[in-house]
Amino acid sequence: MATDDLEMPEGTVNNLLEQETLKWVFVGGKGGVGKTTCSSILSILLAKVRSSVLIISTDPAHNLSDAFQQRFTKAPTLVNGFTNLYAMEVDPNVENEEMGGSDGMDNVFSELANAIPGIDEAMSFAEMLKLVQTMDYSVIVFDTAPTGHTLRLLQFPTTLEKGLQKMMSLRNKFGGVLNQMTRIFGIEDEFGEDALLGRLEGMKDVIEQVNKQFKDPDMTTFVCVCIPEFLSLYETERLVQELTKFEIDTHNIIINQVLFREDGVESKLLTARMRMQQKYLDQFYMLYDDFNITKLPLLPEEVTGVEALKAFSSNFLTPYQTSGIKDSVEELERRVSILRKQLTDAETDLEKARKGKQKA
C-alpha cells in the first residue's frame, strides 16, 4: 500500500447515528456496489438508537429480501430478530397500475396523470409517502435503484408539485372540463370534479411537506455507496452534483469492496489490483476531503442474513482493523525488531571476538 494511506482520515457512520433529527436517509450509487447491504446495515445500526426504523427498497430489482433472508412485500413487515425494524419493497410501476383501479374516477385520474411526464411514478411515490407518514416511524431508510432512477425518485416531490399545480391551473382555465370528462366515464356527480381535485389537493399537501423535509439537512441526508473504480467514481461525482442541485444534503461516502493485504498472502494480481484501487481511493479523498468516508473490506463470501449483517456492521463504526495499512506498519515494526536483534547479536559477536584476541 502507498505510504499516503497513513495520512488518510478513517471515517465512520457514527455521525448519522448521532443525528437524532434525521427522518429520511437515502442510500444510493451505481448498480452492483453493495447499496442494499449498506442500507440494511445502516437500518440495523439505527434500530439500536431509534424507537422505530423502516427500510424501503425502491429498486425494481429488489435485494432486500435476499439481504435479510426474509420475504418482504409492499406492506411493512417486522424483520426477524427485531422489535422495532420494519422492511418493505415498493415497485413504482406496479403501485401505479394498482392505483389506477376499475372505477371511472381512477381512470380519469390516470389519464390526466399520464399527460404530465413523470407524474405517474410521482403519484405512486406520493401514495407510499402518505402510507409511511401515517405509520410515524422515527427514521426511514431508502434502498434506492441505480443512480438514474435515484435522481428521478428525488425529483418526484417537485415533479408532482408542478404537475398538480398544472392540473389546478387547467381547472381554473377550462372551468367544468374535468366535470364533463368524469361524466363521459359515467361517474356520478358526487365522485366527479370535486372528489378528483380533493384527492389531488390531499396529495399536494403531503408532497409539499415532504419536499420541504427533503431539503432540510437536519431531517434528510443521502449516503453515496461506491467502489474504488473509475465508473463508480464518475457516478458518485455525478450523484453528488445532482444532489447539490436538488438541495439535498450529502456528507457520507461508503467505499465498498476495498482490498486489504493479508498476512502470508502474496500475489502479483492482488498487488496490481490494490495499486489500481489505491489510485481511485486517493482521488476519492481528494475530491471529498470534507466528507465522512468509510472504507469497507471485500469479503470472500456474501453478507446475507441478520447475523452476518450484524457482524459486518462493526466496520461501519470503527475503521477496518486488519487493513493493509495496519499490516504494513506491523510488518515494518517486525522488520525493525529483527534488524535491531541482528545488530545486537553482531555487536555481541564482535565483542567476544575482540576479547578473544586480547587473551591470545
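Isoleucine 255 is a good place to start in this predicted model. Setting aside neighbours within four places in sequence, Ile255 is in contact with Cys226, Ile227, Pro228, Leu281, Phe284, Ile293, Thr294, Lys295 and Leu296. Ile255 also belongs to the largest nonpolar core, which has 36 residues. Within that core, Trp24, Phe222, Ile253 and Ile255 touch the most other members. Another core lies apart from this one and holds 35 residues, including Leu45, Ala87, Val306 and Leu309. As a general background, nonpolar side chains in soluble globular proteins tend to be buried together.

**The chain as a whole**

Let us step back for a moment. The protein chain has 360 residues, and 47% of them are buried. Its secondary structure consists of 14 helices and eight strands. Among contacts with a separation of 6 or more, 80% join residues that are 24 or more positions apart.

How confident is the predictor in the protein chain, going by its mean pLDDT? The mean pLDDT is 77, and 65% of the residues reach 70 or more. Two stretches deserve some care when you look at the model. Residues 187-191 have a pLDDT below 50, and this stretch has eight contacts in the model beyond near neighbours in sequence. Residues 322-327 also have a pLDDT below 50, with 16 contacts in the model counted beyond near neighbours in sequence.

**A pair of helices**

Next, have a look at helix 10 (residues 230-245) and helix 11 (residues 268-287), whose axes come within 10 Å. How do these two helices lie, roughly parallel or roughly antiparallel? Their axes cross at roughly 15 degrees. Angles under 35 degrees count as roughly parallel, so helix 10 and helix 11 are roughly parallel to each other. The crossing of helix 10 and helix 11 is right-handed. On the helix 10 side, the contact is made by Phe230, Ser232, Leu233, Thr236 and Glu237. Helix 11 contributes Tyr280, Gln283, Phe284 and Leu287. Phe284 is also one of the residues in contact with Ile255.

**Four residues to find**

The table gathers a few individual residues, with their places and relative accessibility.

| Residue | Place | Relative accessibility |
|---|---|---|
| Glycine 32 | loop between strand 1 (24-28) and helix 2 (35-49) | 63%, exposed |
| Lysine 35 | helix 2 | 6%, buried |
| Glutamate 247 | loop between helix 10 and strand 7 (252-258) | 52%, exposed |
| Glutamine 257 | strand 7 | 26%, partly exposed |

Glycine 32 and cysteine 226 are 194 residues apart in sequence, yet their C-alpha atoms are 8.9 Å apart in space. Cys226 has appeared before, as a contact of Ile255.

Which residues does lysine 35 touch, not counting those up to four places away in sequence? They are Val27, Gly28, Gly29, Lys30, Asp143, Thr144, Ala145, Pro146 and Val225. Lysine 35 counts as buried because its relative accessible area is 6%, and buried means under 20%.

The other two residues in the table have backbone angles worth a look. Glutamate 247 has a positive phi of about 65 degrees although it is not a glycine. Glutamine 257, likewise a residue other than glycine, has a positive phi near 60 degrees. Glutamate 247 is in a loop, whereas glutamine 257 is in strand 7.

Methods
Residues are numbered from 1 along each chain as its sequence is written. Side-chain values use heavy atoms; hydrogens and water are left out. A nonpolar core is a set of buried Ala, Val, Leu, Ile, Met, Phe, Trp, Tyr and Cys residues joined through side-chain atoms within 4.5 Å. Buried means under 20% relative accessible area, exposed over 50%, partly exposed in between (1.4 Å probe, protein chains only). Contact means heavy atoms within 4.5 Å. Helices (H or I, at least four residues) and strands (E, at least two) are DSSP runs, numbered from the N terminus. pLDDT is the predictor's confidence in each residue, from 0 to 100. Axes are lines fitted to C-alpha atoms, for helices over the stretch in contact, and angles run from 0 to 180 degrees between N-to-C directions. Angles under 35 degrees count as roughly parallel, over 145 as roughly antiparallel, 65 to 115 as roughly perpendicular and the rest as oblique. A crossing is left-handed if the near helix is turned anticlockwise from the far one by less than a right angle, and right-handed if clockwise.
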